[in-house]
Amino acid sequence: MLTERIIKLIAEQFNVEEDTISLETSFKDDLNADSLDLVELIMALEDEFGLEVEDEEVENIKTVGDAKEYIKRNIQ
């Protein structure tokens, strides 16, 4: 399922347990992600789901739920 794939990838990227991540998890506030962390995460999501996230869209992806909705809208 999509949510599980995203959470697994984020857990690996940030070296945290999957059960600590929910759709409400904020990359900056909860995972202490800086801009480099976010770039690396976006690249991993692009590879995993075969899509390209536009630079202006990155600013709108603040939570795991935001990432899921973006992916849902853009995967073929």
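Select E69 and K72 to begin: both residues lie in helix α4, 3 residues apart, which is about one turn of the helix. Their side chains meet in a salt bridge, with 3.7 Å from N to O. The model on display is a predicted one. Colouring by accessibility shows E69 as partly exposed, with a relative accessible area of 37%. K72 also counts as partly exposed, at 47% relative accessibility.

**The buried residues of helix α4**

Keep helix α4 in view and select residues 64-74, the full extent of this helix. Which residues of helix α4 are buried? They are V64, G65, A67, K68, Y70 and I71. Now display the surroundings of these buried residues: they pack against α1, α2 and α3, the last of these being residues 55-58.

**The other salt bridges**

The pair already visited belongs to a set, for a search of the whole structure finds 3 salt bridges. In general terms, side chains of opposite charge can pair when their charged atoms come close.

Next, select R5 and E48. These two residues form a salt bridge in which the closest N and O atoms are 3.2 Å apart. R5 lies in helix α1 and E48 in helix α2, so the pair ties together parts that are 43 residues apart in sequence. R5 is partly exposed, with a relative accessible area of 39%, and E48 counts as partly exposed at 36%.

Then move along helix α1 to K8 and E12. Their side chains meet in a salt bridge, at 2.8 Å from N to O. The two residues are 4 residues apart in helix α1, a separation of about one helical turn. Are E12 and K8 exposed or partly exposed? E12 is exposed, with a relative accessible area of 55%, whereas K8 is partly exposed, with a value of 41%. The cut-off explains the two labels, because exposed means over 50% relative accessible area.

**An aromatic pair**

Select F14 and F27 with their rings shown. The structure holds 1 aromatic pair, and it is formed by these two residues. How are the rings of F14 and F27 arranged? The pair is stacked, with 6.5 Å centre to centre and 25° between the planes. F14 lies in helix α1 (residues 2-14) and F27 in the loop between α1 and α2 (35-49), so the pair ties together parts that are 13 residues apart in sequence. Both F14 and F27 are buried.

**Two asparagines in the loop**

Remain in the loop between α1 and α2, and select N15, which is found there. Its phi is positive, at about 55°, although N15 is not a glycine. Most residues other than glycine have a negative phi. N15 counts as exposed, at 71% relative accessibility.

N32 is the next selection, and this residue is also found in the loop between α1 and α2. N32 has a positive phi of about 55°, again without being a glycine. At 63% relative accessibility, N32 counts as exposed.

**Helix α2: a surface patch and a buried charge**

Switch to a surface view and select L36, V39 and M43. Together they form a nonpolar patch on the surface, with about 290 Å² of accessible area. L36 lies in helix α2 and counts as exposed at 53% relative accessibility.

Continue to E46, whose place is also in helix α2. Is E46 buried or exposed? E46 is buried, yet this residue has no salt bridge. The nearest side chain of opposite charge is that of R73, 13 Å away. A salt bridge requires a side-chain nitrogen of Lys or Arg within 4 Å of a carboxyl oxygen, so R73 does not provide one for E46. Apart from its neighbours within four places in sequence, E46 is in contact with L51, E52 and V53.

**A last stop at E54**

Finally, select E54, which lies in the loop between α2 and α3. E54 is partly exposed, with a relative accessible area of 38%. To finish, draw a distance from the C-alpha atom of E54 to that of R5: the two atoms are separated by 21 Å, and the residues are 49 residues apart along the chain. This returns the view to R5, the partner of E48 in a salt bridge.

How values were computed. Residues are numbered from 1 along each chain as its sequence is written. This is a predicted model: local features need pLDDT of at least 70, side-chain atom pairs count only at pLDDT 80 or more; totals for chains, interfaces and linings use all residues. Side-chain values use heavy atoms; hydrogens and water are left out. Rings of Phe, Tyr and Trp (its six-membered ring) pair if their centres lie within 6.5 Å; planes under 30 degrees apart count as stacked, over 60 as edge-to-face and the rest as tilted. Buried means under 20% relative accessible area, exposed over 50%, partly exposed in between (1.4 Å probe, protein chains only). Patches are made of residues with over 30% relative accessible area and no salt bridge: like charges are joined within 9 Å, nonpolar side chains (Val, Leu, Ile, Met, Phe, Trp, Tyr) within 5 Å. Accessible areas come from the Shrake-Rupley method with a 1.4 Å probe; for residues, only the protein chains shown count as cover. Lys and Arg count as positive and Asp and Glu as negative; His and the chain ends are not counted. Contact means heavy atoms within 4.5 Å.
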